[in-house]
Amino acid sequence: FQGKVVCDFIKVTPKTEGNLVFVTSSSLTKMVPLADFRTRMPSEGLLSVNVSESNEKLIGVYLSETPEEDLIVISTSRGYASKILVSNISLQARPSMGRKMIRMKEENEVCVSLVGSKIANSEKMLVLFITNKGIGKFVSVAELLEKKTTSGQSASFLAIKLKPEDKLRKNVICAKDEQLVVSTRSGKTVRIDADSVRQNSRVAIGGRIINLNDDDEVASITVV
């Protein structure tokens with residue numbers, strides 16, 4: 001992948017069936033059958049989303065084996081989130097562009113994270129919102145609102161209040177009895193219990209999850 005970077009990866013087996021949901025930075029969203037991707041690909045891979053703008057990029061992929069039972073949460077750099085039923089996402093061919101699913105609220109706002117969950121688990125599962133500066137909080141999946149605009153796009157709602165100089169980095173879905181591993185660009189890593197992170201309402205500011213130097217940022221977060 002000369003000149004490119006890996007965005008996401010998903011573990012599957014030869015027996016896995018379902019659809020892949022793709023989301024780009026401008027909220028172009030589409031669903032493609034997993035069967036459309038051969039197991040023996042050319043080294044350059046196969047086009048999954050036809051991205052036309054030079055600054056457009058893929059931000060996440062989610063495997064949905066049962067679309068009627070799944071939901072996704074797309075979050076933006078300014079802390080807004082949109083909850084979408086996977087069954088409302090159109091099934092398309094690989095080379096197509098997809099459809100913009102979110103109406104952005106602020107200038108220069110982009111989508112930065114995609115997570116998914118079973119609808120049946122939405123009452124007990126939590127979404128962790130963490131910023132570049134290490135501020136984070138949990139919001140219940142059930143508390144995130146699901147609503148469409150008059151244009152048919154999904155409305156986004158504030159999920160974490162950010163300081164002007166900070167941006168949302170990533171989301172993960174987990175339960176309170178799990179643990180989180182947070183790593184920074186400088187190589188610092190911390191492992192914490194999920195139940196040590198505060199759970200707040202959507203519009204609240206989060207708490208400090210990891211202490212960072214001024215020139216450091218959160219790079220990744222993993223549920224273990």
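**Group meeting: threonine 16 and a four-stranded sheet**

Okay, let's start with threonine 16: its relative accessibility is 18%, so it counts as buried, since the cut-off for that is under 20%. Keep in mind that this is a predicted model.

Where does threonine 16 sit? You'll find it in the segment before β1, the strand at 19–24. And what does it touch, if we skip residues up to four places away in sequence? Leu34, Leu63 and Glu65. There's also a link to threonine 13: the backbone nitrogen of that residue is 2.9 Å from a polar atom of threonine 16's side chain.

Now, on to the sheet. It's an open one with four strands, in the order β7-β4-β5-β10, and the pairing is antiparallel. Why is one side of β7 and of β10 left without a neighbour? Well, β7 (111–118) and β10 (157–158) stand at the edges and each has a single partner strand, so there's nothing from the sheet on the other side.

Let's zoom in on β5, residues 80–85. Five of its six residues are buried, so call it mostly covered. β5 pairs with β4, residues 70–76, through five antiparallel bridges. One of the bridge pairs there is leucine 71 with leucine 85 of β5. These two strands make a hairpin with three residues in between, and in that turn glycine 79 has a positive phi of about 90°.

Then there's β10, which is joined to β5 by two bridges and also runs antiparallel to it. Here alanine 81 has phenylalanine 157, in β10, as its bridge partner.

One general thing to remember when you look at strands: in a regular one, side chains alternate between the two faces of the sheet.

Methods. Residues numbered from 1 in each chain as written. Predicted model: local features only at pLDDT ≥ 70, side-chain atom pairs only at ≥ 80, totals over all residues. Heavy atoms only, no water. Buried < 20%, exposed > 50% of the residue type's maximum accessible area, 1.4 Å probe, protein only. Polar contact = N/O pair within 3.5 Å; in protein donor to acceptor, adjacent residues only side chain to side chain. Contact = heavy atoms within 4.5 Å. Pairing = 2+ DSSP bridges.
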